[in-house]
Amino acid sequence: MRAKWLCLVALTVAAAGCGEGRAIFDIDVFSFLSGAKADTLPYVGPLPPGVPDTIPVQTVQSLGLGSSSVVDTVRFIGSVDFVNASGTGSVTFAVYFDSLKTTVYTGTPWFSVSGPVTPGATTTSPFDVDIIDPAMKRLFLASTVYVGIRASATGTISGTAKLSALRARVVIQDKIF
Amino acid sequence: MRTFVLGFGLVVLLGGAAAPAAAQWLVTDARRIGMGGLSLGRSGSTARYNPAYRAVAEKAALHGQPKVTIPIPLGIIQFLHDHPHLSSDPAFDYKSRGFNPILVANTILNLPLYLEVKQAPTPTNDVAFTIGQDSLRVNLGATSQLVPEDQFGISGSSRPLDPGFGYKGFRVGVMGWLHDDAELQLGDKLLAFLRDSVPARHNTLYSADVHGLVAGGFAPTVSYAGRIAGDTARGFYAGGALHYYVGVGYGRTDGLVGDSTSDTLFAGSNPVNPIGRTLTQYSKPGNTLGHGIGGDIGVAWVSGPIEIGFGVNDIGATITWPDTRLDSAFYNHSGYSKPVANHVETKTKLPVSYIANLAYSVGNTTLGADVLNTGRGSVVHVGGEQRLGLFAVRGGVARDQRKRIEFGFGGGVRFGGLGLDVGFWTHTNSLSNERGITMATSLSIY
């Protein structure tokens with residue numbers, strides 16, 4: 001995160017100058033997850049006791065703009081591949097965000113994407129989700145956001161959910177000061 | 001984060017405001033503003049920077065100048081209207097979370113004496129940030145033009161006090177002097193990142209060079225100003241001053257501040273990796289006094305309606321400080337400071353300032369021009385006034401230290417010994433290339 005200050009410097013120039021313009025952040029969340037090798041998650045159904053269906057909580061460096069800014073838009077765009085090994089059913093891929101690492105998986109997912117799976121086939125499920133809840137939008141103003149992924153299976157199936165893209169587009173209004 | 005944002009915003013603001021501040025502020029004469037900031041006769045900057053003008057008779061009647069000018073600060077009314085509860089306004093309360101040092105600095109740098117007739121617009125474009133674990137790119141759009149390519153800063157050389165006495169053109173006095181200089185220059189890589197939207201790179205230092213200096217003291221001065229040839233209607237004047245500068249104290253720091261990226265742009269838990277390297281030199285008040293010799297010279301020629309002058313200040317004004325301490329400081333994750341040397345001799349130099357002025361007054365018409373350079377670029381004023389019975393119309397053009405052209409225009413009405421003047425002056429701020437317009441008003445007593 002040593003480059004974060006560069007972002008901050010740029011942001012200050014933008015804040016000083018952009019007037020009523022917007023600051024648009026395109027955050028490649030996938031790059032943070034794949035860098036930590038947390039972009040792939042095996043699934044199995046029914047889930048045996050003691051087998052996790054989540055990835056370890058990951059850290060994403062976010063905007064750190066404080067509470068005075070107004071978040072106009074938070075949108076997630078991406079795609080997940082369900083590489084199914086056996087069985088027929090469906091898989092749900094859920095994404096969680098939270099400001100606290102310990103509570104990432106305790107709430108409801110921010111969004112989820114499901115896909116039917118068949119033996120030996122790969123199902124690609126793209127998604128494009130707008131976050132409506134203002135409180136959820138404001139989460140991205142924090143300097144650090146924690147992300148988690150859960151893959152849950154319906155049916156007697158097994159395979160791997162592979163995230164192939166996940167970008168967050170955050171648009172804020174100019175109220176940095 | 002907010003501190004950082006505000007801090008950098010201040011730098012941008014101060015950097016951009018420095019030039020117009022030096023060129024414009026504290027001009028309270030609406031008549032002068034209407035002529036684009038032109039200095040005439042012994043008004044404005046001419047007497048300050050040209051020692052010969054001490055001997056030049058006031059040409060008040062010839063230039064239509066008043067004896068006394070009283071500003072009418074309509075801008076204060078506007079300011080108080082915008083900030084009706086100043087004492088409790090969080091933007092001005094440094095203890096408040098809503099404290100806005102940018103607004104405070106802007107208010108100080110652009111004192112609200114004038115009525116803001118037209119605000120200089122600020123860019124309203126969107127700015128885009130693309131962030132990945134190993135990528136970072138910023139597109140500031142039109143706002144990128146605000147990122148200064150050249151060195152920018154604030155500097156000044158003032159003479160706050162100059163008591164003394166004189167006889168037949170000679171004068172002996174003790175002049176106070178103060179020199180301050182703050183500069184910042186963005187490094188090439190940081191400049192490219194901000195201005196040209198170049199993606200951030202691995203293992204790269206993004207930095208800015210910094211320089212700050214403040215020095216002050218007093219100077220026993222012997223000066224002379226007198227008419228060398230001619231008479232009051234047509235004469236050649238010369239003036240000079242010899243200063244023995246005594247330095248009471250000074251501090252100076254030069255260095256580099258910035259941050260470096262690592263193998264992966266966004267890796268690890270440490271959000272920043274600031275790096276700072278500075279060399280600080282100072283001679284505190286109480287140390288052995290600094291000393292140096294310098295001088296001012298000036299000439300003026302008055303021939304009927306024509307007046308020409310040229311003056312130079314602080315020629316050769318190098319101050320030697322015999323008891324200076326040097327410290328180096330380095331910061332990378334943690335900081336330390338190391339004494340480099342103590343009780344050593346260092347030198348500072350006052351910037352040489354010069355002014356050239358020209359005025360032509362005939363009948364009810366006055367035209368003039370002046371060029372003033374105080375060590376940080378030249379400021380040029382060209383303007384004039386036409387008096388039409390009770391009324392006067394004025395106009396002028398100025399080029400400020402940022403080489404931007406500004407315009408002045410205005411008028412006045414005079415009833416016997418009392419006059420009312422209105423002057424308009426275009427201005428640009430650090431956030432826009434488009435001009436705003438301020439209006440100054442003042443009463444004149446003739």
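The largest nonpolar core in this predicted model holds 55 residues. Six of them touch the most other members: A:Val29, A:Val91, A:Phe93, A:Val147, A:Ala161 and A:Val170. Strand S9 of chain A, residues 157–173, gives this core its largest share, with seven residues. In soluble globular proteins, nonpolar side chains tend to be buried together.

Take A:Val29 and follow its contacts. Leaving aside residues up to four places away in sequence, A:Val29 touches A:Val60, A:Val147, A:Leu166, A:Arg167 and A:Ala168. A:Val147 is itself among the core residues that touch the most other members. Apart from this core lies another, of 13 residues. Its members include B:Met35, B:Leu38, B:Val382 and B:Ala398.

Now step back to chain A as a whole. Three helices and nine strands make up its secondary structure. Read from the N terminus, the elements run α-β-α-β-β-β-β-β-β-α-β-β. Of its 177 residues, 41% count as buried. Consider the contacts in chain A with a separation of 6 or more: 84% of them are between residues 24 or more positions apart.

How far does the predictor trust chain A? The average pLDDT is 82, and 82% of the residues score at least 70. Confidence varies by element. Helix H1 of chain A, residues 4–17, is lowest, at a mean of 50. Strand S7 of chain A, residues 122–130, is highest, at 93.

Next, the sheet in chain A. Four strands form an open sheet in the order S3-S8-S5-S6, with antiparallel pairing. Which strands sit at the edges? They are strand S3 (58–61) and strand S6 (111–117) of chain A, each of which pairs on one side only. From one strand to the next, the twist averages 25°. In a regular strand the side chains alternate between the two faces of the sheet.

Look at one pairing in this sheet. Strand S5 of chain A, residues 89–98, is joined to S6(A) by seven bridges, and the two run antiparallel. To find the register, start at A:Val95: its bridge partner in S6(A) is A:Phe111.

Chain B comes next. Its secondary structure has seven helices and 21 strands. It has 446 residues, of which 37% count as buried. Among its contacts with a separation of 6 or more, residues 24 or more positions apart account for 65%.

In chain B, begin with strand S7, residues 170–186. Seven bridges join S7(B) to strand S5 of chain B, residues 152–158, and the two run antiparallel. Here B:Ser158 stands opposite B:Leu178. Strand S6 of chain B, residues 164–167, is also antiparallel to S7(B), through four bridges. In that pairing, B:Gly166 has B:Arg171 as its bridge partner.

S6(B) and S7(B) form a hairpin with two residues between the strands. What is the phi of B:Lys168 in this hairpin? It is positive, near 50°.

One more pairing of S7(B) remains to trace. Strand S8 of chain B, residues 205–230, is joined to S7(B) by 17 bridges, again antiparallel. For a landmark, use B:Val174, whose bridge partner in S8(B) is B:Pro220. S7(B) therefore offers three pairings to follow on screen, if you wish to check them against DSSP bridges: with S5, with S6 and with S8, where strands pair if at least two bridges are found.

Technical notes: Residues numbered from 1 in each chain as written. Chains lettered and ligands numbered in written order. Predicted model: local features only at pLDDT ≥ 70, side-chain atom pairs only at ≥ 80, totals over all residues. Axes fitted to C-alpha atoms, helices over the stretch in contact; angles between N-to-C directions. Core = buried A, V, L, I, M, F, W, Y, C linked by C-beta atoms within 7 Å. Buried ≥ 20, exposed ≤ 12 C-beta atoms within 10 Å, placed from the backbone. Contact = placed C-beta atoms within 7 Å. pLDDT = per-residue confidence, 0-100.
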